[in-house]
Amino acid sequence: MFPGTTILNYLFWMAMGAMQVTIVLGARAWLEDTGRKVPWWQMVLMYGCFLSFTAVVAGGFTLAGEFESRAGWYFIGFLGVPHIIAGAGMLKLFVFKKTDMIES
């Protein structure tokens, strides 16, 4: 990850894990606070997309740490952009869905 260092690798992975926990728990708390009802299977899909995106970022930075920085950036760009698009689509479909405003 960081060639020639001893502590930066561990600090990076600890920060990445803390970020993941904060985002997942923060998303859950935000959904509860705003009163949005999202079924469990939709949450599993969104978390799966997020976790696979973090695996893509980790893989890209691992390539960069092995002196293959151009391959790492291509890896993140080629595989990360579809993850971002899919995650934004799921967020739009599952969380920000339109409610029926017309009452009969």
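How much space lies in the largest pocket? In this predicted model, the largest pocket holds about 390 Å³ of space, and the description below begins with the overall fold before returning to that pocket and to single residues.

The secondary structure of the protein consists of 3 helices and 0 strands, so that, under the rules by which such elements are assigned, the pattern read along the sequence is α-α-α. The overall form can be described by the radius of gyration, which is 18 Å for the protein, whereas a compact globule of 104 residues would have a value near 13 Å. In keeping with this description, the C-alpha atoms fill a box of roughly 70 × 25 × 15 Å when the box is taken along the principal axes. Of the 104 residues in the protein, 21% are buried. When contacts with a separation of 6 or more are considered, 63% of them are accounted for by residues 24 or more positions apart.

The largest pocket is lined by 18 residues, and among these Ile23, Met46, Phe50, Gly87 and Leu91 lie nearest its centre. The elements that contribute two or more residues to this lining are α1, which spans 8-34, α2, which spans 40-65, and α3, which spans 69-95. The largest share of the lining is provided by α3, with 7 residues. In chemical terms, the lining residues of the largest pocket divide into 16 nonpolar and 2 polar residues, with no charged residue present.

The helix α3 also deserves attention for its geometry, since a kink of about 35 degrees lies at Gly80, shortly before the proline Pro82. The residue at the kink, Gly80, is also listed among the buried residues of α3, together with Gly72, Ile76, Met90, Phe94 and Val95. An α-helix has 3.6 residues a turn, so residues three or four places apart point the same way. The cover over the buried residues of α3 includes α1 and α2.

Single residues in the other parts of the chain add detail to this picture. Gln42, which is placed in helix α2, counts as buried because its relative accessibility is 9%, a value that falls under the 20% limit for burial. Leaving aside the neighbours within four places in sequence, Gln42 is in contact with Phe94 and Lys97, and Phe94 is itself one of the buried residues of α3.

A contrasting environment is found at Phe67, which is placed in the loop between α2 and α3. Phe67 counts as exposed because its relative accessibility is 68%, which lies over the 50% limit for exposure. Most residues other than glycine have a negative phi. Phe67, although not a glycine, has a positive phi of about 60 degrees.

Finally, Leu8 lies in helix α1 and, at 37% relative accessibility, counts as partly exposed, since this class covers the values between the limits for buried and exposed residues. Leu8 and Leu79 are 71 residues apart along the chain, and their C-alpha atoms are separated by 25 Å.

Conventions:
Residues numbered from 1 in each chain as written. Predicted model: local features only at pLDDT ≥ 70, side-chain atom pairs only at ≥ 80, totals over all residues. Heavy atoms only, no water. 1 Å grid on protein atoms, 1.4 Å probe; cavity = no way out; pocket = protein on both sides within 12 Å on 5 of 7 lines; lining within 4 Å. Points joined across faces, edges and corners; volume = space filled by probe spheres on them. Helix = DSSP H or I, 4+ residues; strand = E, 2+ residues; numbered from the N terminus. Nonpolar A, V, L, I, M, F, W, Y, C, P; charged D, E, K, R; others polar. Bend = angle between axes of the 7 residues up to and from the residue. Buried < 20%, exposed > 50% of the residue type's maximum accessible area, 1.4 Å probe, protein only. Contact = heavy atoms within 4.5 Å. Rg over C-alpha atoms; globule rule 2.2 N^0.38 Å.
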